[in-house]
Structures are given as structure tokens and as C-alpha cells.
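Me: I should like to understand how the labels given to a protein structure are justified. May I put some questions to you, one at a time?

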Amino acid sequence: MSVHDELTTIQRCLDELSRALSRLERQTGRDGLEVRRVRTDAGHLRESVALLRAAATAPDAPKRPDLVTISDAPYDLSLWTDSDDEGLGARDRRAP
């Protein structure tokens with residue numbers, strides 16, 4: 001299934017949850033704390049699904065950069081022949 005299909009399925013489930021909550025409220029005849037809490041949570045889920053849908057359909061969504069493999073082999077020591085030790089200067093001279 002595609003991402004769009006999955007998000008549509010989630011949206012349908014949230015719609016069904018909303019209808020079930022409305023039926024429950026009518027049957028119990030009260031707007032208790034528990035029902036309000038579930039309705040608030042369902043609203044948060046609805047907002048999250050909307051954000052997911054926006055991120056999935058954004059044409060300029062940032063792509064993950066390609067991973068670069070770094071070898072575990074030791075570096076060639078000739079790379080460091082003319083380098084300075086940080087804060088100490090060159091190897092053949094005294095530190096300042």
C-alpha cells in the first residue's frame with residue numbers, strides 16, 4: 001500500500017472513532033471527563049495525520065543525504081608530515 005492509501009485508511013478510522021464517540025455520548029447522556037479526553041486525543045490524532053499528509057505530499061521535502069562510508073583502516077601517516085600539532089606548533093620546533 002502507498003503512503004497515501006495508509007493515511008486515507010487512518011483518516012477513515014478516525015472518522016469512525018468520532019461517530020462512535022458521538023453515539024456513546026448520546027447513549028450515556030452525559031459529557032464526562034473520560035469522553036472529553038478521548039475526543040481531545042482523537043482531535044490530536046487528526047492533527048497529526050494532517051501533518052503527515054502534508055509532509056508526504058510536499059514536493060520539496062528534504063531528501064536524506066547519501067551515507068558516506070568511512071574506512072576503519074588507519075590513515076596514511078604521510079598525510080600528517082607537514083602538519084602542526086594543535087596548540088604546540090610544528091614537531092621540529094619548540095612550543096611558543
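Me: How do you know that the reach of α2 from its first C-alpha to its last is close to what is expected at 1.5 Å a residue?

Reply: Please note that this is a predicted model. Helix α2 has 25 residues, for which 36 Å is expected, and the reach from its first C-alpha to its last is 36 Å.

Me: What makes the span of helix α1 agree with 1.5 Å a residue?

Reply: Helix α1 covers residues 3-28, which is 26 residues, and should therefore span 38 Å. Its end C-alpha atoms lie 37 Å apart, which agrees. Just after α1 comes G29, with a positive phi of about 70°.

Me: How many helices and strands does the chain have?

Reply: The chain has 2 helices and 0 strands.

Me: Which residues of the two helices are called buried, and what covers those of α1?

Reply: The term requires a relative accessible area under 20%. In α1 the residues that qualify are L7, L14 and L21, and their cover includes α2, residues 33-57. In α2 they are V35, A42 and V49, and these pack against α1. Of the 96 residues of the chain, 8% count as buried.

Me: Why is the pair of R19 and E16 called a salt bridge?

Reply: The name requires a side-chain nitrogen of Lys or Arg within 4 Å of a carboxyl oxygen of Asp or Glu. For R19 and E16 the distance from N to O is 3.0 Å, so the pair satisfies the definition. Both residues lie in helix α1, 3 residues apart, about one turn of the helix.

Me: Why does R19 count as partly exposed?

Reply: Partly exposed lies between buried, under 20%, and exposed, over 50%. R19 has a relative accessibility of 44%, and therefore falls in the class between. E16 counts as partly exposed at 37%.

Me: What makes E16, R19 and R23 a network?

Reply: The three residues are linked by salt bridges. Besides its bridge with R19, E16 forms one with R23, where the closest N and O atoms are 3.4 Å apart. R23 counts as partly exposed, because its relative accessibility is 37%.

Me: How do you know that R39 and E25 form a salt bridge, and which helices do they lie in?

Reply: The closest N and O atoms of R39 and E25 are 3.2 Å apart, and the limit is 4 Å, so the name applies. R39 lies in helix α2 and E25 in helix α1, so the pair ties together parts that are 14 residues apart in sequence. R39 is partly exposed, with a relative accessible area of 29%, and E25 counts as partly exposed at 22%. A search of the whole structure finds 4 salt bridges.

Me: Which residues form the nonpolar patch on the surface, and what makes residues eligible for a patch?

Reply: The patch is formed by V68, I70, Y75, L77, L79 and W80, with about 760 Å² of accessible area together. Residues in a patch must have over 30% relative accessible area and no salt bridge, and nonpolar side chains are joined within 5 Å. One of the members, L79, is placed in the segment after α2.

Me: What is the accessible surface of the chain, and how much of this surface belongs to carbon and sulfur atoms?

Reply: The accessible surface comes to about 8,800 Å², and 57% of this area belongs to carbon and sulfur atoms.

Note on methods: Residues numbered from 1 in each chain as written. Predicted model: local features only at pLDDT ≥ 70, side-chain atom pairs only at ≥ 80, totals over all residues. Heavy atoms only, no water. Helix = DSSP H or I, 4+ residues; strand = E, 2+ residues; numbered from the N terminus. Expected span 1.5 Å × (residues − 1). Buried < 20%, exposed > 50% of the residue type's maximum accessible area, 1.4 Å probe, protein only. Contact = heavy atoms within 4.5 Å. Patch = residues over 30% accessible without salt bridge, like charges linked within 9 Å, V, L, I, M, F, W, Y side chains within 5 Å. Areas by Shrake-Rupley, 256 points an atom, 1.4 Å probe, with all protein chains shown as cover.
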